[in-house]
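Biologist: I should like to understand the terms used for this protein chain. May I ask you to justify each of them in turn?

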Amino acid sequence: QVQLVESGGGLVQPGGSLRLSCAASGSIFSIYAMAWYRQAPGKQRELVADITGGGNTNYADFVKGRFTISRGNAKNTVFLQMNSLKPEDTAVYYCNADLEVAGTGRTMAYWGKGTLVTVSS
């Protein structure tokens, strides 16, 4: 009924760039915020960046100045522009959305399946 699908992951050399995309679909009344998380092998999932409906952004310290989160014009998409990538950025990147499913009046968190980003020479 509601799903988030990420795309754009892949293999990139250190110092390179990638742009991740996430599209939400289904019976959605409103999306209040979207975010990118990542999880590296053996580590906990961590917040990378988030953005509210009003356009306010928040970034983890380890990506400030390198990554940019943005919303699409339709507001059902979110992007993560990743520049100056480092090997330690290697992880599965997950899209997250706080949204209200149409007809429910309740806000829930939804997750995508993730897209793998590998930064290596």
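Modeller: The following exchange sets terms against their cut-offs, and the model in question is a predicted one.

Biologist: What makes the contact of glutamate 46 and arginine 38 a salt bridge?

Modeller: The rule asks for a side-chain nitrogen of Lys or Arg within 4 Å of a carboxyl oxygen of Asp or Glu. Between the side chains of glutamate 46 and arginine 38 the N to O distance is 3.0 Å, so the pair satisfies the definition.

Biologist: Why is arginine 38 called buried, and why is glutamate 46 called partly exposed?

Modeller: Buried means under 20% relative accessible area, and exposed means over 50%. Arginine 38 has a relative accessible area of 6%, so the term buried applies. Glutamate 46 stands at 30%, in between the two limits, and therefore counts as partly exposed.

Biologist: Which other residue meets arginine 38 in a salt bridge?

Modeller: The side chain of aspartate 89 does so, at 2.9 Å from N to O. Aspartate 89 lies in the loop between β8 and β9, whereas arginine 38 belongs to strand β4, so the pair ties together parts that are 51 residues apart in sequence. Aspartate 89 and arginine 38 are both buried.

Biologist: Which residues are linked in a network of salt bridges?

Modeller: The network links Arg38, Glu46, Arg66 and Asp89. A further salt bridge joins aspartate 61 to lysine 64, with the closest N and O atoms 3.2 Å apart; aspartate 61 and lysine 64 are both exposed. By the rule, the count comes to four salt bridges.

Biologist: How do you know that β4 pairs with β9 and with β5?

Modeller: Pairing requires at least two bridges between the strands. β4 and β9 share ten bridges in the antiparallel sense, and six bridges join β4 to β5, again antiparallel; both cases therefore meet the requirement. Tyrosine 37 illustrates this: its bridge partner in β9 is tyrosine 94, and in β5 leucine 47 stands opposite tyrosine 37. The hairpin of β4 and β5 has six residues between the strands, and glycine 42 there takes a positive phi near 75°.

Biologist: How many helices and strands does the protein chain have?

Modeller: There are zero helices and eleven strands.

Biologist: Why does the radius of gyration agree with that of a compact globule?

Modeller: For 121 residues, a compact globule would have a radius of gyration near 14 Å; the protein chain has 14 Å, so the two agree. Of these 121 residues, 38% count as buried.

Terms used:
Residues are numbered from 1 along each chain as its sequence is written. This is a predicted model: local features need pLDDT of at least 70, side-chain atom pairs count only at pLDDT 80 or more; totals for chains, interfaces and linings use all residues. Side-chain values use heavy atoms; hydrogens and water are left out. Buried means under 20% relative accessible area, exposed over 50%, partly exposed in between (1.4 Å probe, protein chains only). Helices (H or I, at least four residues) and strands (E, at least two) are DSSP runs, numbered from the N terminus. The radius of gyration is taken over C-alpha atoms; the globule rule is 2.2 Å times the number of residues to the power 0.38.
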